[in-house]
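Let's take a friendly walk through a protein model. Have a look at the sequence and the structure first, and then we will start with one residue.

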2 protein chains.
Amino acid sequence: MHEEYMKLALAEARKAEAIGEVPIGSVVVHEGQVIASSHNLRETSQNPLTHAEVIAINQASEVLGSWRLEECTLYVTLEPCVMCSGAIVMSRIPHVVYGARDPKGGTVDSLMHLLDEPRFNHRPIVTSGVMEEECSEMLKSFFKALRQRRKNQPID
Amino acid sequence: MHEEYMKLALAEARKAEAIGEVPIGSVVVHEGQVIASSHNLRETSQNPLTHAEVIAINQASEVLGSWRLEECTLYVTLEPCVMCSGAIVMSRIPHVVYGARDPKGGTVDSLMHLLDEPRFNHRPIVTSGVMEEECSEMLKSFFKALRQRRKNQPID
């Protein structure tokens with residue numbers, strides 16, 4: 001079941017990749033229905049808030065008409081960063097499922113454990129490593145291609 | 001100088017209080033100009049992202065046309081929470097000034113030190129305690145009045 005929704009998040013990540021954004025995708029599922037789906041848009045929007053998860057949380061709260069995203073599961077292809085982990089805590093999402101780890105910026109399992117912090121007033125259940133290879137591979141090939149393009153650029 | 005801008009943040013906090021929101025206000029200053037001003041709107045908007053700082057960051061990035069809020073100072077009446085601290089890191093704001101501490105949810109000095117984290121790729125300068133008493137008093141009187149109203153409510 002998790003794989004089915006992670007595939008949708010991966011499809012969102014591909015949309016980001018197609019427009020030159022770091023390929024990260026997210027969906028929010030509420031009672032078996034996908035109520036939000038989004039991808040990273042930071043460069044396109046030039047807005048620091050437009051990580052996939054924040055956009056998805058924004059959409060989901062609009063759909064539910066509530067800042068409490070109860071009975072929701074957030075799927076995201078990459079381990080959330082500090083801002084997105086914070087947005088998850090603030091929206092009280094009960095379950096978070098992510099694909100690949102982010103050793104440089106992830107704050108769920110890598111740098112910190114912000115979703116398992118007893119001093120915060122919300123601690124979601126976390127499922128990690130769902131379709132990890134596909135999620136990770138998409139990012140790796142994006143950055144590989146980016147390095148290649150930069151290497152081929154003439155020096156000013 | 002910090003007090004002048006904190007007074008504007010306090011004026012924003014008062015706007016929140018007037019509509020029954022927890023009184024927290026924020027402004028963003030860029031090269032001496034106020035480019036964003038906002039207040040907490042969580043209950044009104046029913047959107048978990050609508051903390052004063054996140055709204056201000058959103059406005060500032062629109063004004064500057066960039067996700068990097070360089071040469072900006074963010075003023076906020078209360079110590080930022082985990083989501084807002086994360087949004088500050090992601091937007092690379094170089095200077096953050098806050099008023100009152102938040103011992104229950106603050107992640108700048110109270111529960112954590114997310115704005116002084118060597119593993120993140122941005123660490124702003126933080127100035128704390130500017131007009132602390134006014135900022136703190138506004139929150140205290142808001143919660144006192146809230147408790148009073150609840151106490152006076154008839155039991156169903």
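Is B:Thr77 buried or exposed?

## One residue in chain B

This is a predicted model, and in it B:Thr77 has a relative accessible area of 2%. Buried means under 20%, so B:Thr77 counts as buried.

You can find B:Thr77 in strand E3 of chain B, which covers residues 72–78. Leaving aside residues up to four places away in sequence, B:Thr77 touches ten neighbours by name: B:Met6, B:Ala9, B:Leu10, B:Ala13, B:Pro23, B:Ile24, B:Gly25, B:Gly99, B:Ala100 and B:Cys135.

## A domain from the record

For chain A, an unreviewed UniProt entry lists residues 1–109 as "domain: CMP/dCMP-type deaminase". In the model, this span is 40% helix and 24% strand, and its end C-alpha atoms lie 23 Å apart.

## How the two copies are related

Turn chain A by 180°, with 0.0 Å of shift along the axis, and chain A superposes on chain B with an RMSD of 0.0 Å. The two copies are therefore related as by a two-fold rotation axis. In chain A, the C-alpha nearest this axis belongs to A:Met83, at 2.5 Å.

## Where the chains meet

Each chain brings 30 residues to the contact. Of the interface residues of chain A, 100% are also interface residues in chain B, so the copies meet through the same surface.

Together the chains bury about 2,700 Å², with 70% of it on carbon and sulfur atoms. There are zero salt bridges across the interface, but eight residue pairs are in polar contact. On the chain A side, helices H2 (42–45), H3 (52–64) and H4 (82–91) each supply at least two residues. The largest share, seven residues, comes from H4 of chain A.

How values were computed: Residues numbered from 1 in each chain as written. Chains lettered and ligands numbered in written order. Predicted model: local features only at pLDDT ≥ 70, side-chain atom pairs only at ≥ 80, totals over all residues. Heavy atoms only, no water. UniProt positions renumbered as here; feature names shortened; annotations may be inferred. Helix = DSSP H or I, 4+ residues; strand = E, 2+ residues; numbered from the N terminus. Buried < 20%, exposed > 50% of the residue type's maximum accessible area, 1.4 Å probe, protein only. Contact = heavy atoms within 4.5 Å. Least-squares fit on C-alpha atoms with pLDDT ≥ 70 in both. Buried area = accessible area lost by both parts, 1.4 Å probe. Salt bridge = Lys/Arg side-chain N within 4 Å of Asp/Glu carboxyl O. Polar contact = N/O pair within 3.5 Å; in protein donor to acceptor, adjacent residues only side chain to side chain.
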